[in-house]
Structure formats: C-alpha cells, structure tokens
Amino acid sequence: MIPRPSRPARVVLAAGIAVVLSSAGCASGGGSADAGRGFVFATDMEPDCLDPQYSALDVTATVDRPIFDSLVAMSSDGRFHPWLAERWTAGRDGRSYTFTLRRGVRFHDGTPLDAAAVKATLDHAVDPKTKSRYAASLIRGYRGSDVVSPTTVRVRLDEPNAAFLQALSTPYLGIQSPASIEKNARGLCGAPVGSGPFRFVGWTRSKSITLARNPGYSWGPATAANRGAARIPRLTFRIISENSVRLGALTSGEVHAIDNVPALNMKTLERSSSATVKRAQVPGAVFGVFLNGTKGVLADERVRVALQRSLDMDAIVKSVYMGRASRAWSLLSPATVGYEPKTVGSWPYDPALSARLLDQAGWTGRDAEGFRTKDGRRLTLRWPYQAQLFRDRRDVLAQAIQAQAKRVGIHVDLRSVDAGTLTQQVLAARDRMDVMGASFVRPEPDILRYFYAADRFPGKGGGNFFRYTDGKLDGWLTDAAESTDPDERRQIYSRIQLHLNAHALVIPTYVPERVLGVSKKVAGLGFDASATPLFHEASLKP
C-alpha cells in the first residue's frame, strides 16, 4: 500500500491504498554500472510523485532523502540531533516550537534556505491543493508558522504533539525551495528542488531517475560521519520491477545495489563472491491484517477472535519466508520505541477455541464446501488487494491465511483488483470490505494513531480503514501523543498494543525488513532510523 512507509517516517505503505499518478522527466543512459554513471541503485517500484509533501510511498522517501534535508535528524535510539536547525526550543504548553536555522544553506536553485522556506514547506504540506497522502497527517494540528527572522521560525500547533520532531525528521517534510513550490504549483512531481547532497537531474518514466552531486554541500546532519559533499558524483535509481531481473542486474555488475531482495534470493546473495546482503528491521507498523470491527460479520468480536486463533502464524511465516523473517505479535515492530514484549504469546494458535466461538456466534451450519453458514449465508470475509503493491510475498502470505481460515470454516474471499477499484473500496471500506492488509514505516509509536484514531480515516490522511471508533482507545492515543513523559508514553502504548490483540482488531503477521543486495565494491551504504537507505556516505571501491 502506499504508505511505507512499511517500508519508514520512510513510509512503507504496504498492501493496498493505491496511489498511482503520472510524473514526467528526462533521461539517463545504459551500460554497466561502472561506465562513468556513478552509483546505480535498482528499485522494484517507481515513485508516484517526487513532491515529498504529496507522496506516501516508501520508494519516494528513498529517492527524496538525498534531495531534501530536514530540520532535525533522528538516530536509531530515538534521540534528535541538529540538521538544518542548529537548535530548537518547545513552548511551555507544548503547542509551539522555535527553530534557529543554520546559516549559509542554499537550495539547488541558488535561493537561500531560510525561515520563509520552512514556513512555505509546512504550509504546502497542509494546503488542501497539495492533496497530501501522508505529510499532512504527520503534522495534523499544525496552525501555522511565524517568520521571526531570516534564521528563526516559530511553528504553532493546536495541541501538544510528542511525535512532532520525529515527523520533521522524515523526507516527507523535507524542506523545499519556495521558488520551486510556487513555480511548480501544479506539478512538483517531476521537478523537486531541495538543499540535499544530491540535486535532481531527470526522470525517464518507468526506467530511471538521475541525481547529481551537490558540490557545495556542507551542512549534513549531526548524525552523519560525512557532513560535506557526497562521495559519489552521480546517483541513478533504476526501476526494475521483476525480482529475477533486478537480482541479475546486481550479480552482472549492471547496478551497484538493489532494493527489496526476496527471501527466496537472500541465501544466494549471501553465498555470492561479488555481492552481499544488508538488512535492517523496519520500525513502525508490521504487516497487519486489519479487521472491520465496525460493520459486517467481523463487527462480532467472537468472529474476529475466531479468525485470529485459527492462524498458526509461526508456521505461516516460516513457510512463506523460509526462516528469513520473524513472526509478529504486536502491530508495532520490535524496532519501534514503545514496542511491548508482553504481546509475545498473547494470542496463540487455538483452532478449538475458534470453533467454539463460531458456534457461539451462530455460525453453526456448513455448506457443501465445508464453510460455516448462518441463516443460509456463508461466513465470507472480503479481502481486496492490488497485486503491484502486495510485495514481499504478501500474496502468498494472504493465501496461507486463506487456507488456514478455511479449516475452521471461514471463507476469505481474496481478490486482486486494479488501483482505481481498490482506492474506491478503501474510501468506503467499512461497507465494501472486511479485511485490509497494510504496513507502515515510522520509528514512532504514534503510528498507532494513524491507524486507530477516530478521525484518521482514508481521505483524511489516515489509515483507520473501517472508521473504527472506541472512546477508550481514542483517549489513550490522544494522551500518548500529548505526553512529554517517555515512561508514561510507553505505558500507554503498551495498553494499546495489548488491547488491539485482546479484541482482535488487527492480526499482526510478520516483521518487515529492509533487505538490500549490495555489490562488494560498495562501502558506506547505510540506513537511517526508518531503515531508508542513505547514499550520502556511500563510495565505490576500485
């Protein structure tokens, strides 16, 4: 789905909110990876748009991160460090932040990066004309920015938001050139202008996106070993959707690294003399099977729990990912601050319990195919998905879930649909579907609010697909977002994770990883706190 963001703040958006828009651009060449083209990175998916305030795709974050700098940088331990902002202070009421900006920073178009640029970027994110798919939701509650001086900007919020700094650290709120925003008001997709270590050169749709080194760059984040110009002169993203072709491009030397190595191919690369595997567990929401607790057959908690307990998730994940992925117990990834280890073992496989619960719920009949029935109606769960976005063997995972649910008499109607159909169904999800598969990358437990706050539904910058409303859950999500006490936040998020499992509102499946195939000629290719690849410090050995 779009999102990511789980594959994070890159976003993984995993299984199905389809956002497939057009973009335009210029060319890049062919030939081997070492034929003067700098560093070549192959992705399995193309961005929908390179305006970071519009797109929610994780691949967009991968391409945009080298182009756009952020106000602050986040390290993997959850701490924040200077980047474009040298320092910052929060207002006593938690409803404002004042940032002092680094001097001398310039955008790729030569204009200065100042307080007015920060204001223009944040205003652009929440402008309804932008039609933001994610960034606007990250700063929901943004009231505006005041330009105090060229190097000082005060950001005002309508409520305290403990996740605000993490939101600002993401590529989705990377600072854009105001001149570019104004010039490209109708199409920032193909002409991004930031201040990062690489500048945009061109985009040949369905083929490649090319960036060139920003030679004057000297303001890298405090988390970086190299804060100056990038070590590679050119960075090309090639779009190669077919897994075998992408792998072949790496092993033949046509590209230097590839994204999203399938579990089937990891062992091959680990044994290779020319390439290896780099992997990082993705923070945020794992791939979850979200259940419609609002309307339809799954509004009955007994049926939701019956489905949950009918699944031997250990066996499913081991079979589908061949021991190369961990099964998930919580919607939050273990790589996320606030993950609750007590969720482990909290919903064991128990098909006998599933049978009892279905009997209690009145699904006592059986049809000719063995599925449960009530009043002559089959127990059917509608699960649409878009094949293009159901990556990382999630289609096989869904089929395994379908097969195990059938054993207790639940019919999972798993259907591949096109992007337009899925978008329509997601916007009316509580009436059109019973199950939705998704993940989302964000190294912040506030991602739970994206999926379960009562006002965070599709069309309004959220992922509460079924518009589920629970006053107690909503209160916890608000309290956690407004708290500045880390211990209090952890306790609240613990309750939320255990609550979601106890009421079977979502079925966590496996913990996604960002798996790169990397040539042994490459050094310095790393990940940020969201498991987004970082190219600023990458170099090529002779």
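Two strands count as paired if DSSP finds at least two bridges between them. With that in hand, here are the views of this predicted model.

**Figure 1. Strand 5 sits in antiparallel pairings with strand 7 and with strand 4.** Strand 5 and strand 7 (residues 152-157) are joined by 5 bridges and run antiparallel. One contact to look for is Phe-99, whose bridge partner in strand 7 is Val-153. Strand 4 (residues 85-90) is also linked to strand 5 by 5 bridges, again in the antiparallel sense. Here Arg-87 has Thr-100 of strand 5 as its bridge partner. Strands 4 and 5 make a hairpin with 5 residues between them, and Gly-94 in the turn has a positive phi of about 75°.

**Figure 2. Both faces of strand 5 are covered.** How many residues of strand 5 (residues 96-101) are buried? The count is 6 of 6, so the strand is mostly covered, with buried meaning under 20% relative accessible area. In a regular strand the side chains alternate between the two faces of the sheet. On one side of strand 5 are Ser-96, Thr-98 and Thr-100, and on the other are Tyr-97, Phe-99 and Leu-101, all of them buried.

**Figure 3. An open sheet of 4 strands follows the order 14-21-13-20.** Its pairing is antiparallel. Strand 14 and strand 20 (435-441) stand at the edges, and each has a single partner strand, so one side of each is left without a neighbour in the sheet. Take a look at strand 21 (residues 506-511) too: 6 of its 6 residues are buried.

**Figure 4. Strand 21 pairs with strand 13 and with strand 14.** Strand 13 (residues 284-291) meets strand 21 in the antiparallel sense over 4 bridges. Within this pair, Phe-290 has Val-506 as its bridge partner in strand 21, while Gly-288 is matched with Pro-508 of strand 21. Strand 14 joins strand 21 through 2 bridges, and these two strands also run antiparallel. For that pair, look for Ser-326, whose bridge partner in strand 21 is Val-511.

**Figure 5. A right-handed β-α-β crossover connects strand 18 to strand 19.** Strand 18 (residues 380-385) and strand 19 (residues 411-416) run parallel and are joined by 6 bridges. The chain travels from strand 18 through helix 11 (residues 394-407) to strand 19, and the crossover is right-handed. A handy landmark is Leu-381, which has Val-412 of strand 19 as its bridge partner.

**Figure 6. Met-322 and Arg-467 have positive phi values without being glycines.** Most residues other than glycine have a negative phi. Phi of Met-322 is near 55°, and the residue lies in the loop between helix 9 (313-321) and strand 14 (326-327). Arg-467 has a phi of about 50° and is found in the loop between helix 14 (447-452) and helix 15 (471-482). Are these side views of buried or partly exposed residues? Met-322 is partly exposed, at a relative accessible area of 43%, and Arg-467 also counts as partly exposed, at 28% relative accessibility.

**Figure 7. Gly-202 is buried, whereas Glu-537 is partly exposed.** Gly-202 belongs to strand 8 (residues 198-204), and its relative accessibility is 0%. Its C-alpha atom is separated by 20 Å from that of Asp-259, which lies 57 residues away along the chain. Glu-537 is placed in the loop between strand 25 (533-534) and strand 26 (539-540), with a relative accessibility of 25%. Glu-537 and Arg-92 are 445 residues apart in sequence, and their C-alpha atoms are 38 Å apart in space.

**Figure 8. For orientation, the close-ups belong to a protein with 16 helices and 26 strands.** The radius of gyration is 23 Å, close to the 24 Å that the globule rule gives for 542 residues, so the protein is as compact as a globular protein of that length. The C-alpha trace spans about 70 × 55 × 40 Å along its principal axes. Buried residues make up 59% of the 542 residues. The protein exposes about 20,100 Å², with carbon and sulfur atoms supplying 48% of that area. The mean positions of its 71 positive and 52 negative charges are 3 Å apart.

How values were computed: Residues are numbered from 1 along each chain as its sequence is written. This is a predicted model: local features need pLDDT of at least 70, side-chain atom pairs count only at pLDDT 80 or more; totals for chains, interfaces and linings use all residues. Side-chain values use heavy atoms; hydrogens and water are left out. The radius of gyration is taken over C-alpha atoms; the globule rule is 2.2 Å times the number of residues to the power 0.38. Buried means under 20% relative accessible area, exposed over 50%, partly exposed in between (1.4 Å probe, protein chains only). Accessible areas come from the Shrake-Rupley method with a 1.4 Å probe; for residues, only the protein chains shown count as cover. Lys and Arg count as positive and Asp and Glu as negative; His and the chain ends are not counted. The place of a charge is taken as NZ of Lys, CZ of Arg, CG of Asp or CD of Glu. A crossover is right-handed if, with the strands pointing away from the viewer, the path from the first strand over the helix to the second runs clockwise.
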